[in-house]
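Biologist: Here is the model I would like to go through. Please keep the definitions explicit.

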Amino acid sequence: MTDKIRLSPGDTIGILGGGQLGRMLAQSAASLGLKSHIFCPDPNSPAFDVSSNFTVAPYEDVDALDRFAAAVSVVTYEFENVPGPTAAHLDRKVAVRPGARALSVSQDRLSEKQFLSDAGVAIADFREINSQEDVDRAVAEFAGKGVLKTRRFGYDGKGQLMIRTPNDVAMAHERLGNVPSVLEALIDFECEVSVIVARDLDGNCASYDIARNHHENHILKTSTVPAGVAKETLDAARNMAEKVVTGLDYVGVMGVEMFLVKSGGSEQLLVNEIAPRVHNSGHWTQDACLTSQFDQHIRAVAGWPLGAATRHSDVVMENLIGHDADDWKAVLEEPSAKLHLYGKAETRDGRKMGHVNRISSKTG
C-alpha cells in the first residue's frame, strides 16, 4: 500500500517486534500523543510494558495479522528479519513504513551490496559465493584474505568467518553451513562509524552526526560523538546515507554503518551495511539531540514533518551488556549520565540489557 496517509494524535502505530527498540519506539509514540500496538511471538517482550495494546502470535499467523492490521493506522518494525510474506500481507491492508523493498534489500547481503553499488555508494569489493570453489577463487583474487558472510540472517558477528590464512580458507563454505554467501575484501580501516538518517513521506531527509563505534565480542559497546573526523567526511557520510534512503524511496529512520579508511592523509568512507530501522549506534540521540532517532522514526512513519537532527552536546553511549547492567545504581550516581534500562526479566551474557548516555558540553 503506497498511499500518503498521515496520522493524527490518538491514532495507533503497529510495531512488529517487541524488543528494546520496539519499547523505545512505543515510548516515543506515547510522548507524541500516539498509541502503539506491538505484534511479537514472545510473550515476555519488554515492549509490551509500555504499549497501548499487544498481540502474541507467530509472524506467519494470517488471522492474527489481519486483526492487527485492522487495529492500527500504519505499521512499522523494529528489526529487519521480518518474514517477507508477513510484510507483503500487511502491505495489502495497511501502510507499511519503511516498505517491503527496504526489507528485501537489507535481508540479503548480495542484494544489499548490489543496490549500494548501483546507488553510487562506495563499498568494499565483494564476490558472490555458492560453493567452496567460489571461496577459493575469490580469496585468491583478494590476496588471500577476506570476510565470508552468509547472505541472510547474520548480525552481531553471527554468520561470518574471517579469512586471513590458508587454514581459514579450507572448508570455509562448509563451516558456514554451505549456504549462499558473499566474500568481502578485508579492509584495513581506521575505525567503524555510522550515520543515522531519516526520510519523510515527502522525500525530505535529516541526518545526524557521525558516531565512532567500538565493538567487543562483535557487539557494539560504545558510540562516541563527535567522532573526530574531518568536516568533509561528515558531509560525505550524510550524503551517502541520504542517497541510500532516497534510492529505496524509504520512509523512517535507517542506520548506515561505514568503514573509515585513511590513506595519504585523506579520509574515505565505505558503506558496510544498512539497517532499515532505528539503530543501536543511534541511542546517543536520546540525550544529545532535541529529536531522538525514535521520535524521528515515529514522526516519519506517522507522516509528520521531521525534527531537527542537530546535536546540542557531546556524548558517549555505552551498551550495558549482560551483567554490566547490575551496576545500574552506580550509573544513577553519575551527574552527567542518563540511564536507559530495557525491562528484560532475565540477564544473560551477551544480551543487551540497557545503555547509558554520558553527556558533556559540545566541543565540535
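Modeller: Accessible areas come from the Shrake-Rupley method with a 1.4 Å probe, and for residues only the protein chains shown count as cover. This is a predicted model: local features need pLDDT of at least 70, side-chain atom pairs count only at pLDDT 80 or more, and totals for chains, interfaces and linings use all residues. Residues are numbered from 1 along each chain as its sequence is written, and side-chain values use heavy atoms, leaving out hydrogens and water.

Biologist: What share of the exposed area do carbon and sulfur atoms supply?

Modeller: The protein exposes about 15,600 Å². Of this area, carbon and sulfur atoms supply 49%.

Biologist: What percentage of the residues is buried?

Modeller: Buried means under 20% relative accessible area, with exposed over 50% and partly exposed in between (1.4 Å probe, protein chains only). Among the 364 residues, the buried share is 54%.

Biologist: Which strands are the edge strands of the open sheet?

Modeller: Strands are DSSP runs of E, at least two residues, numbered from the N terminus, and two of them pair if DSSP finds at least two bridges between them. Five strands form the open sheet, with parallel pairing, in the order β3-β2-β1-β4-β5. Each edge strand pairs on one side only; they are β3 (53-56) and β5 (95-96).

Biologist: Which residue in β3 is the bridge partner of phenylalanine 39?

Modeller: Strand β2 covers residues 35-40 and pairs with β3 in the parallel sense over four bridges. In β3, the partner of phenylalanine 39 is threonine 55.
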